[in-house]
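Biologist: I'd like a close look at one small part of this protein, please. Start there, take your time, and then show me how the rest of the chain fits around it.

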Amino acid sequence: MVAVLGAPVEMTAECVKTNLLGLTQAKLDEFFITLGEKRFRTQQIMKWIYHFGVSSIDEMSNVSKVLRERLKSCADIRGPEVVSTDFSGDGTCKWVVRVASGSCVETVYIPDGKRGTLCVSSQAGCVLDCSFCSTGKQGFNSDLTVAEIIGQVWLAAKSFNSVPAKSDRAITNVVMMGMGEPLLNFDNVIDAMNLMMDDFGYGLSKRRVTLSTSGVVPAMRRMIGLTDVSLAVSLHAPNDALRNQLVPLNKKYPLKTLLAAVHDYMSVLPDKRRVVTFEYVLLKGVNDQPEHAMQMIYLLKDVPCKINLIPFNQFFSSGYERPSNNAIRRFQVMLQQKGFNVTVRRTRGGDIDAACGQLVGQVQDRTRRSVRYRDQQQKGSEAELINVINMAS
Ligand code: SAH
Ligand code: SF4
């Protein structure tokens, strides 16, 4: 029996220490209160973890030795295990990290002038099986914990600080656009994004934290009033028939339902200048034709938005091709001529397989959840489809 911060705690061989990484202010407050400590410890400890990137309680030099010893007996700081780090010729950096389930996920840093964007994963694999996405082809293994999500920011920030030549690198933006569908891991993603925006965490503004979703409508509605991060929606098709093929989730939540949820999320944000971003992967001969641009113009005519065109990034046996530069430009110009703000995402980190949709990690699909999801889609059983989505949410 040892006394931890005044409270006796049974320490056994199996005793699992609390991971301080990933606890929000509220949860860290609870932790310290349970231990009979004052609340101010929360901010003190958070500064050490997120501002200084320490991974050991011993490094917290303004915490008394007695308290450090007590803390060490019941808590620690455990980031995800880095399996490999790759630097691309264009400055992009990719980490492969192993998570508790044994799968590996990927995190990508993309420097661009003064901006440094970190693309963070939320799940090992993805159940939603979009036809053009290599993550979806891996199946699904596990939701990432809060520590595993915020841990990706933590390890990237730490690695830049520890390499003097790269210390000019900073994470100015985080996008939840790595592996997985963030809204199917709702609570953990919300906590992790709160830590990104917390002044004692990474202090990023809500505009600089972006959640990308393929359109999990009930979860989008749960976000309303709960968070005000920037919203990106993976559209990829201007009509339901085509979107059903590319993003099977559309059969459950078609465009009309999706756009209503986007409207409701955006309309409660106090700053009326904020707009949703629609991502649109351009697939040669599939969704890149003038008729598709015309349909987009009609579909989005009343939606304040930005459109981000993503030329398809090839992966083995995808069956799709990237359109020519001319076709991409033609699509962009048609939308621009109708007054839309349209950007084309440059491919970054292609030489290290770090571009959008190329993230594969190593997913051990032990859950069979994605197989059931595909089966139910083929059988067209709506009730079962909802079950599988609900299980994942
Ligand atoms: N699940 C979320 C976030 C992760 S995917 C979502 O779907 O929005 C991040 C973005 O990469 C999405 O817009 C997705 O459609 C896009 N993407 C997936 N596969 C791609 C590929 N092969 N080439 C280009 N973009 C891709
Ligand atoms: Fe999942 Fe997003 Fe890939 Fe679709 S595009 S399979 S939702 S990660």
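Modeller: Let's start with methionine 60: setting aside residues up to four places away in sequence, its contacts are Trp48, Val54 and Arg68. Keep in mind that we're looking at a predicted model. To find methionine 60, go to the loop between helix 2 (40–51) and helix 3 (65–74). Now take one of those partners, tryptophan 48: it sits 12 residues from methionine 60 along the chain, and their C-alpha atoms are 6.5 Å apart. Is methionine 60 tucked away or out in the open? It's in between: methionine 60 has 19 C-beta neighbours inside 10 Å, and 20 or more would be needed for buried, so it counts as partly exposed.

Let's step to another partly exposed residue, glutamine 25, which has 17 other C-beta atoms within 10 Å. Glutamine 25 belongs to helix 1 (residues 25–34). Its contacts, again leaving out residues up to four places away, are Thr42, Asp198 and Phe200. Aspartate 198 is 173 residues away from glutamine 25 along the chain, yet their C-alpha atoms are separated by 8.4 Å. That kind of long reach shows up across the whole chain too: of the contacts with a separation of 6 or more, 68% are between residues 24 or more positions apart.

Phenylalanine 186 is found in helix 6 (residues 186–197). With 19 other C-beta atoms within 10 Å, phenylalanine 186 is partly exposed. Methionine 220 is 34 residues from phenylalanine 186 in sequence, with 9.6 Å between their C-alpha atoms.

For one more stop of this kind, try lysine 251, in the loop between helix 8 (240–246) and helix 9 (255–267). Lysine 251 has 15 other C-beta atoms within 10 Å, which makes it partly exposed. Alanine 241 is 10 residues away from lysine 251 in sequence and 8.9 Å away in space, C-alpha to C-alpha.

Next, have a peek at two backbone oddities. Histidine 236 isn't a glycine, but it has a positive phi of about 70°. You'll find histidine 236 in the loop between strand 13 (230–234) and helix 8. Serine 317 isn't a glycine either, and its phi is positive as well, at about 60°. Serine 317 is in the loop between strand 15 (305–311) and helix 11 (325–337). Which of the words buried and exposed fits histidine 236? Histidine 236 is buried, because 26 other C-beta atoms lie within 10 Å. Serine 317 has 7 C-beta neighbours inside 10 Å, so it counts as exposed.

Now for the inside of the protein. The largest nonpolar core has 95 residues, and Ile150, Val153, Val174 and Met196 are the ones with the most contacts inside it. Helix 5 (residues 146–162) gives the largest share of this core, nine residues. Where does this core sit relative to domain 1 and domain 2? Domain 1 (2–76) and domain 2 (81–373) both contribute residues, so the core lies between them. For a closer view, pick valine 153: apart from its neighbours within four places in sequence, it contacts Leu118, Val120, Ile171, Val174, Met196 and Tyr202. As background, nonpolar side chains tend to be buried together in soluble globular proteins.

There's a ligand to visit as well. Around ligand 2 you'll see Cys126, Leu128, Asp129, Cys130, Cys133, Thr135, Gly136, Gly180, Glu181, Ser214 and Ser234. Sorted by class, that shell has four nonpolar, five polar and two charged residues.

Zooming out, the protein chain has 13 helices and 16 strands. It has 393 residues, 43% of which count as buried.

Finally, how far can you trust the picture? The chain averages a pLDDT of 88, and 83% of the residues score at least 70. Residues 1–13 have a pLDDT below 50, and this stretch has 20 contacts in the model beyond near neighbours in sequence. Residues 380–388 also stay under 50, with 10 contacts beyond four places in sequence. Where pLDDT is low, the predicted coordinates shouldn't be read in detail.

Notes. Residues are numbered from 1 along each chain as its sequence is written. Chains are lettered from A and ligands numbered from 1 in the order in which they are written. This is a predicted model: local features need pLDDT of at least 70, side-chain atom pairs count only at pLDDT 80 or more; totals for chains, interfaces and linings use all residues. A residue is near a molecule or strand if its C-beta atom, placed from the backbone, lies within 6 Å of it. Ala, Val, Leu, Ile, Met, Phe, Trp, Tyr, Cys and Pro count as nonpolar, Asp, Glu, Lys and Arg as charged, and the others, Gly among them, as polar. Helices (H or I, at least four residues) and strands (E, at least two) are DSSP runs, numbered from the N terminus. A residue is buried if 20 or more other C-beta atoms lie within 10 Å of its own, exposed if 12 or fewer, and partly exposed in between; C-beta atoms are placed from the backbone. Two residues are in contact if their C-beta atoms, placed from the backbone, lie within 7 Å. A nonpolar core is a set of buried Ala, Val, Leu, Ile, Met, Phe, Trp, Tyr and Cys residues joined through C-beta atoms within 7 Å. Domain bounds come from an automatic or database domain assignment. pLDDT is the predictor's confidence in each residue, from 0 to 100.
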